[in-house]
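Trainee: I should like a close look at a single part of this model, namely its largest pocket. Please describe what lines the pocket and how its surroundings are arranged.

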Amino acid sequence: MLEMINQRVEPLLVKSGFDRPDVRILVRNQIYVSLGSSLVIVLVTLASRWSLAFAAGAVLALVNFWALARVVEMLIRTQGGGPRSLFVIFMVKMALSGLALYWLIGVERVPHWGLIAGLGTVVVNVAATGLVQVGRKKA
Amino acid sequence: MKITKVLFTTMAMLLVASVAFAADGDTALMSAKAYATALGMGLAAGLCGIAQGMGVKGACEGIARNPEAAGQLSTTLILGLAFIESLAIYALVVNLILLFVV
């Protein structure tokens, strides 16, 4: 099942510009953690307000992580003409994240613990990947 | 060290002065919240910016010395930057909560 999903997701990531397999695995895991946990929590709590706040946080974290990985990939790969587009991507991402968080917290007043838990999916993925890397190096 | 201490004390006194002399309670509270939010976000953004800059500097130096290690370095760089950036986002969330919810 997971292999089948991987085979569908991989070409999309390659098309999006993620050439290195390590980075692809990282972004793929983030997609699974964010969307999977959101889906499970929304279904289990029958789309409660808290679960929707979690889903919003998780999607925001996923978009941020995606843009960050894309910027780093471009930074490593491109030799010329990169800095301007990197700067634009980074600034647009920061502005949109700030506006989205302002709208969620200031206007919609979503349950903030749900939002914080959703944003924590990045930390969970990064920590797990880091631990796996350390384990591989020791083995 | 002493100069830093004097500077921070002066800054703190300046920041709370408007609260201390304000006539209206709500306005004073809102003013204090705005100062706290601005200070908190400024500190968080500045320190996270320094940390991200140091990380990217190290990675660029490493890749310049050994271009073949670029793949491995990029993964580690993404992990580090994601950790640091999530701290900045948490700071933004906490500051927005402080400003609008509490």
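Mentor: The account below begins with the largest pocket and then turns to the spaces and the helix around it.

The model is predicted, and chain A has an average pLDDT of 88, with 96% of its residues scoring at least 70. Within chain A, the lowest mean confidence, 86, belongs to α1(A), whereas α2(A) has the highest, at 92.

The largest pocket has a volume of about 480 Å³. Its lining is made up of 22 residues, and those nearest the centre are A:F90, B:G49, B:Q52, B:G53 and B:E85. Both chains take part: α3 (49-77) and α4 (82-107) of chain A, and α2 (25-65) and α3 (70-100) of chain B, each provide at least two lining residues. The greatest contribution is that of α2(B), with seven residues. In chemical terms, the lining comprises 18 nonpolar residues, three polar ones and one charged one.

Two of the central residues merit individual attention. B:Q52 sits in helix α2 of chain B. Because its relative accessible area is 17%, under the 20% limit, B:Q52 counts as buried. Beyond its neighbours within four places in sequence, B:Q52 is in contact with A:F90, B:L81, B:I84 and B:E85. B:E85, for its part, belongs to helix α3 of chain B. With a relative accessibility of 6%, B:E85 is likewise buried. Setting aside neighbours within four places in sequence, B:E85 is in contact with A:N64, A:L68, A:F90, A:K93 and B:Q52. A:F90 therefore appears among the contacts of B:Q52 and also among those of B:E85, by the 4.5 Å heavy-atom criterion.

B:E85 also leads to an enclosed space. The structure holds one cavity of 30 Å³ or more, and the largest cavity contains about 100 Å³ of space. B:E85 is one of its lining residues, which also include A:N64, A:L68, B:A82 and B:Y90. At least two lining residues come from each of α3 and α5 of chain A and α3 of chain B. With five residues, α3(B) has the largest share of this lining. By class, the cavity lining consists of eight nonpolar residues, two polar and one charged.

A further opening offers a comparison of linings. The second largest pocket has a volume of about 410 Å³. It is lined by 16 residues, and A:T129, A:V132, A:Q133, A:R136 and B:T75 are the closest to its centre. Two or more of the lining residues are given by each of α2 (21-44) and α5 (112-138) of chain A and α3 of chain B. The largest share, eight residues, is that of α5(A). Here the lining divides into six nonpolar, seven polar and three charged residues.

Finally, α2(A) itself can be examined. Its 24 residues should span 34 Å at 1.5 Å a residue, and the end C-alpha atoms are 34 Å apart, so expectation and model agree. Buried residues in α2(A) include A:V23, A:L26, A:V27, A:Q30, A:I31, A:S34 and A:S38. In an α-helix there are 3.6 residues a turn, so residues three or four places apart point the same way. Among the elements covering the buried residues of α2(A) are α1 (2-15), α3 and α5 of chain A, as well as α3 of chain B. After α2(A) comes A:L46, which has a positive phi near 55 degrees.

Methods. Residues are numbered from 1 along each chain as its sequence is written. Chains are lettered from A and ligands numbered from 1 in the order in which they are written. This is a predicted model: local features need pLDDT of at least 70, side-chain atom pairs count only at pLDDT 80 or more; totals for chains, interfaces and linings use all residues. Side-chain values use heavy atoms; hydrogens and water are left out. On a 1 Å grid over the protein atoms alone, a cavity is a set of points where a 1.4 Å probe fits but cannot get out, and a pocket is an open set with protein on both sides within 12 Å along at least five of seven lines; lining residues have an atom within 4 Å of a point. Grid points are joined across faces, edges and corners, and a volume is the space filled by probe spheres set on the points. Helices (H or I, at least four residues) and strands (E, at least two) are DSSP runs, numbered from the N terminus. Ala, Val, Leu, Ile, Met, Phe, Trp, Tyr, Cys and Pro count as nonpolar, Asp, Glu, Lys and Arg as charged, and the others, Gly among them, as polar. The expected span of a helix is 1.5 Å times one less than its number of residues. Buried means under 20% relative accessible area, exposed over 50%, partly exposed in between (1.4 Å probe, protein chains only). pLDDT is the predictor's confidence in each residue, from 0 to 100.
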